[in-house]
Amino acid sequence: MAIATGQMQTLSFKVESTFGTSAGGDFALIEHNSNSLALTINMLEEATLRGTREVNELIHGTHAVGGDITCNLSNQTAHEQLIQAALHDTSATSSTQFSIDGSRQSFSFAREYTDMGSTDDNQLFLGCEINTCAISIPADGFVTVTYGVIGSTMTSHDASQDGSATAVTAGSVPYRGQDATIIIENTGGSSTTGQTIITQFDLSIENGLENNYVVGNNKSVEGAIGKARVTGSFTCHFTTGDFVARFLNATDTRIKVILGSGTSGMSFELPRCRFTNTATEVGGEGMVECSVDFTALQSSDGATSCITYDSNLGD
């Protein structure tokens, strides 16, 4: 009896033409460290009184898909497409800069257990959208990205569902902490000099997507979408009171994160942020660190998005 192993599992995806209907054709593989995509079915228990204390029946109710996909971030086309989907910006494919918008995309995700060779070893998740996107930059190690997925339903199959899946780009090395430049300055600035005291940086995009159900269908239809909230945090060596002062004075602050350079680089620019918390705790001997939480805001005149993602720094 074959037992599925993680290293032999593949995950691929493709944009759907119709929400909740298999995209069909050739999907694109995505290299990842882990995924937790799963179908949940609401179980309905009858409340009928039968003169017994035992549960007599459970009936399937509504379907929902949820889970995370965690990857080492690189300049793979798959990441460009999924980050773009998290921003809900489906600008022309010739554009490399994307911001918060309201254009939605749904995906089919195909998960295949290639070492099982049995029935129902191919799972197809339908009507999936990118609800959250979280990027983590350590001082040492790979930069990771986690996509939070919300979806409609899942089906299982004997045969592969991803067609002739497009392979990942060879030689694309994941970004490391040492490849990052993090700029923090007053809003309106244009510095290219990065901070030298950051020890950890995290950025999160949340869309507030929810499943939506209608009478006559146990699968979720395209649901409501909330405001896009871009938040983050970082820790740094406590060498100056500047960051604490920015918090106390509600100073509008520009944050720009640059990963790599040239055509293989990408960046995230947040032109107007407010620090929402700072803490400088002393735990004993050694260096004191300052932790900072922040929220990105649209420009005061509403003309500039709270975040701009540039997928190609060579343009």
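Mentor: Buried means under 20% relative accessible area. The model here is predicted, and we can start with its cysteines.

Trainee: Why is Cys-128 called buried?

Mentor: Its relative accessibility is 0%. The limit is under 20%, so Cys-128 counts as buried.

Trainee: How many disulfides does the structure hold?

Mentor: The structure holds zero disulfides. For Cys-128, the nearest cysteine sulfur is that of Cys-71, 14 Å away. A disulfide needs the two sulfur atoms within 2.5 Å, and Cys-128 is therefore in no disulfide.

Trainee: What makes the sulfur of Cys-236 too far from that of Cys-290 for a bond?

Mentor: The sulfur of Cys-290 is the closest cysteine sulfur to that of Cys-236, and the distance is 4.7 Å. Set against a cut-off of 2.5 Å, that is too far for a bond. Cys-236 also counts as buried, because its relative accessibility is 1%.

Trainee: Why is Asn-35 buried?

Mentor: Its relative accessible area is 19%. Buried requires under 20%, so Asn-35 is buried. Asn-35 belongs to strand β3, residues 34–35.

Trainee: What makes the pairing of the Asn-35 and Gln-9 side chains a polar contact?

Mentor: The distance between these side chains is 2.6 Å, and the cut-off for the N or O atoms is within 3.5 Å. The side chain of Asn-35 makes another polar contact, with the side chain of His-32 at 3.1 Å. Not counting residues up to four places away in sequence, Asn-35 touches Gln-9, Leu-11, Asp-68, Ile-69 and Arg-111.

Trainee: How do you know that Asn-312 counts as buried?

Mentor: The relative accessibility of Asn-312 is 16%. With the limit at under 20%, Asn-312 counts as buried. Asn-312 lies in the segment after β17 (308–310).

Trainee: What does the side chain of Asn-312 reach, and which residues are in contact with Asn-312?

Mentor: The side chain reaches the backbone nitrogen of Gly-314 at 2.8 Å. Leaving aside neighbours within four places in sequence, Asn-312 is in contact with Thr-96, Gly-262, Thr-263 and Gly-265.

Trainee: Why is helix α1 called mostly covered?

Mentor: The helix spans residues 77–87, and eight of its 11 residues are buried. Among them are His-79, Leu-82, Ile-83 and Gln-84. Just after α1, His-88 takes a positive phi of about 55°.

Trainee: How many aromatic pairs are there?

Mentor: The count comes to 11 aromatic pairs.

Trainee: Why is the pair of Phe-107 and Phe-109 called tilted?

Mentor: The ring centres are 6.2 Å apart, and the planes stand at 50°. Centres within 6.5 Å make a pair; planes under 30 degrees apart would be stacked and over 60 edge-to-face. An angle of 50° fits neither range, so the pair is tilted. Phe-107 and Phe-109 are both buried.

Trainee: What makes the pair of Phe-234 and Phe-275 edge-to-face?

Mentor: The centres of these rings are 6.0 Å apart and the planes are at 70°. Edge-to-face applies over 60 degrees, so the pair earns that label. The pair links distant parts of the chain, with Phe-234 in strand β13 (residues 229–237) and Phe-275 in strand β15 (residues 266–279), 41 residues apart. Phe-234 and Phe-275 are both buried.

Trainee: Which residues do ring pairs link into a cluster?

Mentor: The cluster consists of Phe-201, Phe-234, Phe-243, Phe-275 and Phe-294.

Terms used:
Residues are numbered from 1 along each chain as its sequence is written. This is a predicted model: local features need pLDDT of at least 70, side-chain atom pairs count only at pLDDT 80 or more; totals for chains, interfaces and linings use all residues. Side-chain values use heavy atoms; hydrogens and water are left out. Buried means under 20% relative accessible area, exposed over 50%, partly exposed in between (1.4 Å probe, protein chains only). Helices (H or I, at least four residues) and strands (E, at least two) are DSSP runs, numbered from the N terminus. A polar contact is a pair of N or O atoms within 3.5 Å; within protein, one must be able to donate a hydrogen and the other to accept it, and residues adjacent in sequence count only if both atoms are side-chain atoms. Contact means heavy atoms within 4.5 Å.
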